[in-house]
Amino acid sequence: MEKIPSSEITPEAVYLNRRSFMKVMGAAALGALLAACQSKSPLKTLDPQPSDPTPQPGETLGLKDELGDPLTSFEAVTTYNNFYEFSMDKEAVSRLSKDFQTSPWSVTVGGLVNKPRTFAIEDLLKIEQEERIYRMRCVEGWSMVIPWLGFPIRKLLELVEPLSSARYVRFETLLDEQAMPGQRSGWFAWPYVEGLRLDEAMHDLAILSTGLYGKQLLPQNGAPLRLVVPWKYGFKSIKSIVKIDLVEEMPTSLWMEAAPNEYGFYANVNPQVPHPRWSQATERRIGELGRRETLMFNGYASEVESLYTGMDLQANF
Ligand SMILES: Nc1nc2c(c(=O)[nH]1)N[C@H]1C(S)=C(S)[C@@H](COP(=O)(O)O)O[C@H]1N2
Ligand SMILES: [Mo]
């Protein structure tokens, strides 16, 4: 599991080809992407120059996150995965999930809402897709920089109109032990469940992702729809979602159920709060040698710290 060579830091060449990139995204989405370029961090993304020549494979065009960190390679993002429904071996997930059927797919949104509704994935792809370059920090102590495609969850929640009694959002992954062999193991209480406080879910940085590197998500990354909450440990970013409910009580996640002393509900990235079995002060960026300091809220503190004003972050880990 420590086999990602440092030579693999180059993003996939096809992503860098502007023409194929536009084909994938469509003109409207590209327009949104260009608009996002003008906005402030961390929505910063491509730096498009209309006169750019077609880039050579290996060229990065300066694709970086707002802290100046280069993207993790497409290769690493799609072959080094945590997705326990398929395997606990990160390097086996892409192979074992290759034939996972993600179409047709629908997502049922209900609970404490005015307008419960089942969305076909096609309906969700009609919501304007934006590109977001985010750091992802796994609780295990490694991290990546990933160019996601998707939309703020807020846009979906506004369509179903949460009731004033709704305080949390609960997410569920598909339950199908034929399709997901890892679910035959009795180690976990399947399906995978995660949750957010409603105000966290309404934050602009919290997205539902449908793609990465300008292409549709592959099964190993949680196709066709997964959560991405960049200021929290990676396990909060639940994959292959089929159900979203607005609820009054704090949901119990799969990880809280499995090991309540190790994994809390909040799971905000915090270098000062160690995991019971290891420090969270540093991390290994996939594709780099050595370790980096872990940043408070994974580097998104100025955007999200106001969500936690007055909270004891040690107790609410
Ligand atoms: N359903 C489901 N979602 C999941 C997981 C999982 O095992 N099952 N693993 C989580 C963990 S621990 C991490 S670090 C991220 C990894 O996302 P990636 O493989 O797309 O990088 O997915 C999260 N979402
Ligand atoms: Mo993780």
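**Exercises: model confidence and the ligand 1 site**

Residues 1-61 have pLDDT (the predictor's confidence in each residue, from 0 to 100) under 50, and the model gives them 95 contacts (heavy atoms within 4.5 Å) beyond four places in sequence. This is a predicted model: local features need pLDDT of at least 70, and side-chain atom pairs count only at 80 or more. Residues are numbered from 1 along each chain as its sequence is written.

**Exercise 1.** State the mean pLDDT of the protein, and say how residues 1-61 should be read.

*Solution.* Step one: the mean is 86, and 80% of residues reach 70 or more. Step two: pLDDT stays under 50 over residues 1-61. Step three: where pLDDT is low, predicted coordinates should not be read in detail.

**Exercise 2.** Find which residues are closest to ligand 1, and sort its shell by type.

*Solution.* Step one: 16 residues surround ligand 1 (a heavy atom within 4 Å), and N81, Y84, E85, S237 and K239 are the closest. Step two: the shell splits into 7 nonpolar, 6 polar and 3 charged residues. Here Gly counts as polar and Tyr as nonpolar.

**Exercise 3.** List polar contacts (N or O atoms within 3.5 Å) of ligand 1 with N82, N221 and S237, then give its burial.

*Solution.* Step one: a polar backbone atom of N82 is 3.2 Å from a ligand nitrogen. Step two: an oxygen of ligand 1 lies 3.0 Å from a polar side-chain atom of N221. Step three: a backbone N or O atom of S237 lies 2.9 Å from a ligand nitrogen. Step four: ligand 1 alone exposes 530 Å² (Shrake-Rupley, 1.4 Å probe), and the protein buries 98% of that.

How values were computed:
Chains are lettered from A and ligands numbered from 1 in the order in which they are written. Side-chain values use heavy atoms; hydrogens and water are left out. A polar contact is a pair of N or O atoms within 3.5 Å; within protein, one must be able to donate a hydrogen and the other to accept it, and residues adjacent in sequence count only if both atoms are side-chain atoms.
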